[in-house]
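Colleague: I should be grateful for a close look at a single helix of this model and at how that helix is placed among its neighbours.

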Amino acid sequence: MKILLFLLCLVDSRDKKELKKLGLHIRSLRVKKDYTQEEFADRASLSVSQIGRIERGILNPSFVTLLAIARALKVNLERVVAYEE
């Protein structure tokens with residue numbers, strides 16, 4: 001339920017503050033795994049530019065993209081979307 005509520009909050013991509021927080025959190029998880037953006041993109045089957053835009057809070061990732069990110073990081077989806085308010 002928490003995940004669904006979070007995703008509903010991101011439906012409006014004008015909410016740049018929340019996207020920025022999410023992006024910084026994803027970057028933090030990636031860095032903790034010691035992955036470069038290139039390695040991470042390859043593991044998630046995403047482009048490097050897409051990873052960069054997500055991490056900078058420019059791109060609102062879809063549910064499927066968030067799942068790919070979670071799998072690439074070897075964490076559950078809740079860990080990806082559970083960032084500090």
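Modeller: Contact here means heavy atoms within 4.5 Å. The model is a predicted one, and the part examined is helix α3, which spans residues 37-44. The buried residues of α3 are F40, A41 and A44. They lie on the same side of the helix, because they cover an arc of only 100° around the axis. Their packing partners are α2 (16-32), α4 (48-55) and α5 (63-73).

Of these partners, α4 may be taken in more detail. The axes of α3 and α4 come within 8 Å and cross at roughly 105°. Angles of 65 to 115 degrees count as roughly perpendicular, so α3 is roughly perpendicular to α4. On the α3 side the contact involves Q37, E38, F40 and A41, which meet V48, I51, G52 and E55 of α4. Sorted by class, this contact has four nonpolar, two polar and two charged residues. Beyond the end of α3 comes S45, with a positive phi near 55°.

F40 also belongs to a wider assembly. It is among the residues with the most contacts inside the largest nonpolar core, together with I26, L66, I69, L73 and V80. That core has 20 residues, and α2, α3, α4, α5 and α6 (77-81) each supply at least two of them. The most comes from α5, with six residues. I69 shows how F40 is connected there: apart from neighbours within four places in sequence, I69 is in contact with I26, F40, L46, I54 and V80.

Definitions and conventions: Residues are numbered from 1 along each chain as its sequence is written. This is a predicted model: local features need pLDDT of at least 70, side-chain atom pairs count only at pLDDT 80 or more; totals for chains, interfaces and linings use all residues. Side-chain values use heavy atoms; hydrogens and water are left out. Buried means under 20% relative accessible area, exposed over 50%, partly exposed in between (1.4 Å probe, protein chains only). Helices (H or I, at least four residues) and strands (E, at least two) are DSSP runs, numbered from the N terminus. The arc is that of the directions from the helix axis to the C-beta atoms. A nonpolar core is a set of buried Ala, Val, Leu, Ile, Met, Phe, Trp, Tyr and Cys residues joined through side-chain atoms within 4.5 Å. Axes are lines fitted to C-alpha atoms, for helices over the stretch in contact, and angles run from 0 to 180 degrees between N-to-C directions. Angles under 35 degrees count as roughly parallel, over 145 as roughly antiparallel, 65 to 115 as roughly perpendicular and the rest as oblique. Ala, Val, Leu, Ile, Met, Phe, Trp, Tyr, Cys and Pro count as nonpolar, Asp, Glu, Lys and Arg as charged, and the others, Gly among them, as polar.
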